Amino acid sequence: MKACVEFEGLILDRAAGEISPEDDARLEAHQAGCKACRAAERETRQALEFAALPAPTAAELAALDGVAQGVRAALRAAEHRRIWMRGALAGLVAAAAAAVLFLWPHKTPPAVQPTPAEEQASNAQPEEALIGSSGEELEIWAQSDPFADTFAEPIPARATPEEGETALLDPQTHVDLYLNPGE
Amino acid sequence: MGGERIGARGHLVPLPGADAQASDDALCRAFLAGSEAPFGELVRRHQALVYALVRRYAQRPEDARDLTQRAFLRAFEAARRALPRLSKAGEIPFKAWLARIAINLGKNHLRQATRWRPAPVAALESAPEPGPSAADALDRAEREKRTRAAVLELPRRQREVLTLRIDGGLAFAEIAQALGITANAAKVHFHHAVQRLKARMANEDAEEGRG
């Protein structure tokens, strides 16, 4: 039976158990004189009653006691799985990074061009620093055989030159003798 | 807050005695922060609701129990994922998530089990009770079975609202939160669902020469 349009919503609210006391009183007053609205409420209640499931049995409710335990176990398993996956993923990433570093073609870094300031500073270094730190080493080098392989056997230094050696020790005479050995 | 302590990760962890009074949000946050005690309270608080929602779709009570566990598992996983995104003021709508997850799981379960007859839990439980008239009881059982089958054939939103209301006993505001709609829209869907069921029942009554 069709309910009055303005009371349809209130009938449903009451059947669903969500009606305010004021609306409930208003509907009650209306239904006292409206057979259609009384029948509509009866049909609505019956439809909801038939649609509802029966209450769970005691056995079903008892079985719910194990739900918490089951969920906890499943959550722990999921957590362990997540940790394992994270570890495996980290290992894979590390291995991939190592492989990339190993296989990546190595390039020599470009030579660094000295700045003008650095070049100037380099030129300003004393000559002793380029060859050796002491003047004695320079002297030994100057007296060494230019065709000798090594610098390991220096000419022993003598306090006073022997006769005839004085000319050899003069640099200009030494060069002349070297260029014109027959003279 | 008197019923809470600071947990290892700086979150508020309710004390065991305070669990029963704590909100779902507080319990959920405490559990995700590493406290075990609130977990049992959360499950105990909502397991009947979840079971009531999924048993309409389950073939056997064991299936319903399994679906209940899965619903909790998914809700906790969802909370774990959502927690970093939620501000401290933002509440975890744990009950709404659970309800939504439960009906989705139930619906998927039913879809996968199409070779079975739907709602056998209801069928098992609706055996006529001995009464003054066995014929009346049988007739009623038959009508209940048909009406429950009709519920599963309702349009999705109408079915969701109706089952959350009559199986889960949720208020329209809670249904609205679970489904992401307004309370008014939930009422409208409920109204349409009931009208459809009534119309179907009236047709069947007319076909059988009842009423």
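**Figure 1. Helix α3 of chain A crosses helix α6 of chain B roughly perpendicularly.** The view is taken from a predicted model. The angle between α3(A), residues 35-51, and α6(B), residues 134-152, is about 85°. Angles of 65 to 115 degrees count as roughly perpendicular, and this pair is therefore placed in that class. The two axes lie 7 Å apart. Chain A contributes A:Gln46, A:Ala47, A:Glu49, A:Phe50 and A:Ala51 to the contact. From α6(B) come B:Arg140, B:Arg143, B:Glu144, B:Thr147, B:Arg148 and B:Val151. Sorted by class, the contact holds five charged, four nonpolar and two polar residues.

**Figure 2. Chains A and B bury about 3500 Å² between them.** Carbon and sulfur atoms give 62% of that area. On the chain B side, 43 residues are in contact with 37 residues of chain A. Three residues stand out: B:Phe39, B:Arg55 and B:Lys198. Together they supply 15% of the area that chain B buries against chain A, more than any other three residues.

**Figure 3. B:Phe76 is among the residues with the most contacts inside the largest nonpolar core.** This core has 61 residues. B:Phe72, B:Phe94, B:Leu162, B:Leu164 and B:Phe190 also belong to the group with the most contacts inside it. Beyond its neighbours within four places in sequence, B:Phe76 touches residues of both chains. From chain A, its partners are A:Val71 and A:Leu75. From chain B, they are B:Phe31, B:Leu32, B:Phe39, B:Leu42, B:Val43 and B:Phe94. A second core, separate from this one, has nine residues. Among them are A:Ala3, A:Phe7, A:Leu10 and A:Leu27.

**Figure 4. Within chain B, helices α1 and α3 are roughly perpendicular.** Helix α1(B) covers residues 24-32 and helix α3(B) residues 61-82. They pack at an angle of about 80°, with their axes 10 Å apart. That angle makes the pair roughly perpendicular. B:Cys28, B:Phe31 and B:Leu32 are the residues of α1(B) at the contact. They meet B:Phe76, B:Ala79 and B:Arg80 of α3(B). Five residues of this contact are nonpolar, one is charged and none is polar.

**Figure 5. Helix α7 of chain B is mostly covered.** The helix spans residues 156-166. Eight of its eleven residues are buried. Those eight include B:Val161, B:Leu162, B:Thr163 and B:Leu164. B:Gln158, B:Arg159, B:Glu160 and B:Arg165 are buried as well.

**Figure 6. B:Leu152 is a buried residue of helix α6 in chain B.** Its relative accessibility is 15%. Buried means under 20%, so B:Leu152 falls in that class. B:Tyr57 is 95 residues away along the chain. In space, the C-alpha atoms of B:Leu152 and B:Tyr57 are separated by 8.4 Å.

**Figure 7. B:His191 in helix α9 of chain B is in contact with chain A.** Helix α9(B) runs over residues 183-207. B:His191 has 19% relative accessibility and therefore counts as buried. With neighbours within four places in sequence left aside, its contacts are A:Glu8 and A:Leu12.

**Figure 8. A:Arg26 in helix α2 of chain A is partly exposed.** Helix α2(A) covers residues 21-31. The relative accessibility of A:Arg26 is 45%, which means that this residue counts as partly exposed. Outside its neighbours within four places in sequence, A:Arg26 is in contact with A:Phe7 and A:Leu10. Both partners, A:Phe7 and A:Leu10, belong to the second nonpolar core. From A:Arg26 to A:Phe7, the C-alpha distance is 9.3 Å. These two residues are 19 apart in sequence.

**Figure 9. Chain A has ten helices and zero strands, whereas chain B has nine helices and two strands.** From the N terminus, chain B runs through its elements as β-β-α-α-α-α-α-α-α-α-α. Of its 211 residues, 50% count as buried. In chain A, buried residues make up 19% of 183. Consider next the contacts between residues at least 6 apart in sequence. In chain B, 59% of these join residues at least 24 apart. In chain A, residues 24 or more positions apart account for 39% of them.

Terms used
Residues numbered from 1 in each chain as written. Chains lettered and ligands numbered in written order. Predicted model: local features only at pLDDT ≥ 70, side-chain atom pairs only at ≥ 80, totals over all residues. Heavy atoms only, no water. Core = buried A, V, L, I, M, F, W, Y, C linked by side-chain atoms within 4.5 Å. Buried < 20%, exposed > 50% of the residue type's maximum accessible area, 1.4 Å probe, protein only. Contact = heavy atoms within 4.5 Å. Helix = DSSP H or I, 4+ residues; strand = E, 2+ residues; numbered from the N terminus. Axes fitted to C-alpha atoms, helices over the stretch in contact; angles between N-to-C directions. Parallel < 35°, antiparallel > 145°, perpendicular 65-115°, else oblique. Nonpolar A, V, L, I, M, F, W, Y, C, P; charged D, E, K, R; others polar. Buried area = accessible area lost by both parts, 1.4 Å probe.
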